[in-house]
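User: I'd like to practise reading a model from its core outwards. Could you walk me through one?

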Amino acid sequence: MWHIHDVKKTARSKMSPAYWKSVLVALILAFVTGSMAGSAGAASGAGAQISSAIGPSTQFYAGQFPGGFHWSFQFPFFPWSILIFTVILVVIVFLISIAINLFLLNPIESGCQRFFIINHVETGRTKISEIFHGFGNGYLNVVKTMFLRDLYTILWTMLFIIPGIVKTYSYRLVPYILAEEPGMSSKEAFRLSRSMMNGNKWHAFLLDLSFIGWNILNFFTFGILGIFYVRPYKATADAEMYITIRDQFLGRA
């Protein structure tokens, strides 16, 4: 069984020679993995702004100006047209955000993990261009497998919260597996991730938990510490965890 202390110690030693590259790639990774929430927030914001515009319009066409002046002529169809337009707009924004996530951000996520995996061996010499590896190697397979990962996680979470969390850890290694083997079938990638995480989910959870102190400090620095230390440190540690589990699974360690 691997030890959290050893994984984090190795992560620090691997991050240091490739510090600025790790900062940049970790920042990109944080962006792409949080992009769906950001897009949803943007869509909700747009909907809220348009909805706020509907309110006064509804009042106006019901025959009353702000200030108390009454107007007798009404257009009852107009608010409905705005509502329909709003719904269509929100749906379009939502679908575009999903497409961007599937075809652009998910492959980059796997590519970022590839950067940290390669940096374990080629410490300090790894090229940032590795984050685009998935676009030229098994692209459609990467898109499909990452989509299924997101879909399965969402469905399990909708069923029950706890099974959703467990499945998140079961599928955690999928991006790393694709980073090394982008042509591997979705079925095999999921099977490997489940097998490799069998008996390791609790340790992975504790690894995540060990960064709580850093996250608290990051909060008090308004995210600056996260950009320049916590995120690259955590991303490197996650990659080191994968490498350790992989090597143990394959009998290399």
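User: Which residues touch the most other members in the largest nonpolar core?

Analyst: Happy to help, and do keep in mind that this is a predicted model. The general idea first: in soluble globular proteins, nonpolar side chains tend to be buried together. Here the largest nonpolar core has 37 residues, and those touching the most other members are Phe116, Leu173, Ile177, Met196, Met241, Tyr242 and Ile245. Two or more core residues come from each of α1, α2, α4, α8, α9, α10 and α12. The largest share, 8 residues, is given by α12.

User: What does Ile177 touch, beyond residues up to four places away in sequence?

Analyst: Ile177 touches Met184, Ala189, Leu192, Ser193, Met196 and Tyr242. There is also a second, separate core of 7 residues, with Leu148, Tyr171, Leu178 and Phe190 among them.

User: How do I read which side of a helix faces inwards?

Analyst: An α-helix has 3.6 residues a turn, so residues three or four places apart point the same way. Now look at α1, where Ile4, Val7, Lys8, Ala11, Lys14 and Met15 are buried. Because these residues cover an arc of only 125° around the axis, they sit on the same side of α1. His5 and Lys9 are exposed, on the face turned away from that buried side.

User: How far apart are the end C-alpha atoms of α1, and what span should its 12 residues have?

Analyst: The expected span is 16 Å at 1.5 Å a residue, and the end C-alpha atoms are 16 Å apart, so the two agree. You can try the check on α6 as well: residues 139-159 reach 30 Å from first C-alpha to last, close to the 30 Å expected. Buried residues of α6 include Asn141, Val142, Arg149 and Thr153.

User: Is Thr236 buried or exposed?

Analyst: Thr236 lies in α12. Its relative accessible area is 2%, so Thr236 counts as buried, the cut-off being under 20%. Apart from neighbours within four places in sequence, Thr236 is in contact with Ala11, Lys14, Met15 and Phe116. Of these, Ala11, Lys14 and Met15 are among the buried residues of α1.

User: How many helices and strands does the chain have?

Analyst: The chain has 12 helices and 0 strands. Of its 253 residues, 39% count as buried. Among contacts with a separation of 6 or more, 74% join residues 24 or more positions apart. For the outside, the accessible surface comes to about 14,000 Å², with 71% belonging to carbon and sulfur atoms.

Definitions and conventions. Residues are numbered from 1 along each chain as its sequence is written. This is a predicted model: local features need pLDDT of at least 70, side-chain atom pairs count only at pLDDT 80 or more; totals for chains, interfaces and linings use all residues. Side-chain values use heavy atoms; hydrogens and water are left out. Helices (H or I, at least four residues) and strands (E, at least two) are DSSP runs, numbered from the N terminus. The expected span of a helix is 1.5 Å times one less than its number of residues. Buried means under 20% relative accessible area, exposed over 50%, partly exposed in between (1.4 Å probe, protein chains only). A nonpolar core is a set of buried Ala, Val, Leu, Ile, Met, Phe, Trp, Tyr and Cys residues joined through side-chain atoms within 4.5 Å. Contact means heavy atoms within 4.5 Å. The arc is that of the directions from the helix axis to the C-beta atoms. Accessible areas come from the Shrake-Rupley method with a 1.4 Å probe; for residues, only the protein chains shown count as cover.
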